[in-house]
Amino acid sequence: MSEESGIQDPTGTTGTPGTTGTPGTAPGPRPEPLRFFGTTWVDHDGGYGARRLGVAVGSLAGAAAGCFVLRFAYEGLAIADVGTFVNLLVVVMFAICSALAFRRTWEGFSRRHDAASQASTRGLMTIGFVGSLLAYFFRSLKEAPGERLHREEYETAREQYAKRTARRTGNPSRKKRKR
């Protein structure tokens, strides 16, 4: 959440614990912005539906363009006459990397991956970019990619904040002590 990380929200305020940031906003945790969506995913306002449509169309167009480029690469290998084994190897490599990238991207919408595993799979994700784009497309048909994960984290942070502030009501120095 931006409460802990100090990420700027679209209004330009930095989220810090217990501050309101701007007059008129409630204190507490702020939602973490999503790529292409900002914080519109919280209340589904500010063109949320149009953004989802744009992400769906853009990711599908990107995947189609990627397949088109990969086809040119395959034709280049065919013109170079490298042999059927190399052609088969390239096709299988892109298919496997795309499938793994799809799965990893899809899992990333429901749980966070640690930084070490992200760094170790960066090459695989680059080769399998078509799979990642397809995962974005399919997820954007239901919700903003990553919305469920961010919503769960945001609701948990709001509940924890409410529990913390409920315990701290009143001035502790004015409490009557039992003797």
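# A guided tour of a predicted helical model

At 11% relative accessibility, Asn87 counts as buried. Select this residue as the starting point, and keep in mind throughout that the model is predicted. Asn87 is found in helix H3. Which residues is Asn87 in contact with, leaving aside its neighbours within four places in sequence? They are Tyr74, Leu77, Ala78 and Val82.

**The whole chain**

Next, show the full chain as a cartoon. The chain has 7 helices and 0 strands, and from the N terminus on its elements run α-α-α-α-α-α-α. Of the 179 residues, 28% count as buried; Asn87, the starting point, is buried. The contacts between residues at least 6 apart in sequence may also be considered: 63% of them join residues at least 24 apart.

**Helices H2 and H3**

Select residues 48-80, which form helix H2, and residues 84-108, which form helix H3. The two helices pack at an angle of about 165°, and their axes are 10 Å apart. Angles over 145 degrees count as roughly antiparallel, and H2 and H3 are therefore roughly antiparallel to each other. The crossing in which H2 passes H3 is right-handed.

Now display the side chains where the helices meet. On the H2 side, select Leu70, Tyr74, Leu77 and Ala78; on the H3 side, select Asn87, Val90, Val91 and Phe94. How many residues of this contact are nonpolar, how many polar and how many charged? The division is 7 nonpolar, 1 polar and no charged. Asn87 thus appears again, as one of the H3 residues that meet H2.

Follow the chain from H2 towards H3 and select Asp81, which is found in the loop between these two helices. Is Asp81 buried or exposed? Asp81 is exposed, with a relative accessible area of 66%. Its phi angle is near 55°, a positive value in a residue other than glycine.

**A residue of H2 and a distant part of the sequence**

Return to helix H2 and select Leu53, which has its place there. With a relative accessibility of 57%, Leu53 counts as exposed. Add Phe137 to the selection: Leu53 and Phe137 are 84 residues apart along the chain, while their C-alpha atoms are separated by 9.4 Å.

**The loop before H2**

Move to the loop between H1 and H2, and select His44, which lies there. Phi of His44 is near 55°, a positive value in a residue other than glycine. His44 counts as partly exposed, at 43% relative accessibility.

**The salt bridges**

The tour now turns to charged side chains. Side chains of opposite charge can pair when their charged atoms come close. How many salt bridges does a search of the whole structure find? The search finds 8, and three of these pairs can be visited in turn.

Begin with Glu32 and Arg112, whose side chains meet in a salt bridge with an N to O distance of 3.1 Å. Why does this pair tie together parts that are 80 residues apart in sequence? The reason is that Glu32 lies in the loop between helix H1 (2-5) and helix H2 (48-80), whereas Arg112 lies in the loop between helix H3 (84-108) and helix H4 (115-120). Compare the surroundings of the two partners: Glu32 is buried, with a relative accessible area of 15%, and Arg112 is partly exposed, with a relative accessible area of 44%.

Select Arg111 and Glu107 next. Their side chains meet in a salt bridge of 3.3 Å, N to O. Arg111 counts as partly exposed at 43% relative accessibility, and Glu107 is partly exposed as well, with a relative accessible area of 22%.

Then select Arg139 and Glu143, whose side chains meet in a salt bridge of 3.1 Å, N to O. Are Arg139 and Glu143 buried or exposed? Both are buried. To finish with the salt bridges, select Glu32 and Arg112 once more and add Glu153: salt bridges that share partners join these three residues into one network.

**Closing view**

For a last view, show H2 and H3 together with Asn87. This residue of H3 is buried, and Tyr74, Leu77 and Ala78 are among the residues in contact with it.

Methods
Residues numbered from 1 in each chain as written. Predicted model: local features only at pLDDT ≥ 70, side-chain atom pairs only at ≥ 80, totals over all residues. Heavy atoms only, no water. Salt bridge = Lys/Arg side-chain N within 4 Å of Asp/Glu carboxyl O. Helix = DSSP H or I, 4+ residues; strand = E, 2+ residues; numbered from the N terminus. Buried < 20%, exposed > 50% of the residue type's maximum accessible area, 1.4 Å probe, protein only. Axes fitted to C-alpha atoms, helices over the stretch in contact; angles between N-to-C directions. Parallel < 35°, antiparallel > 145°, perpendicular 65-115°, else oblique. Left-handed = near helix turned anticlockwise from the far one by under 90°. Contact = heavy atoms within 4.5 Å. Nonpolar A, V, L, I, M, F, W, Y, C, P; charged D, E, K, R; others polar.
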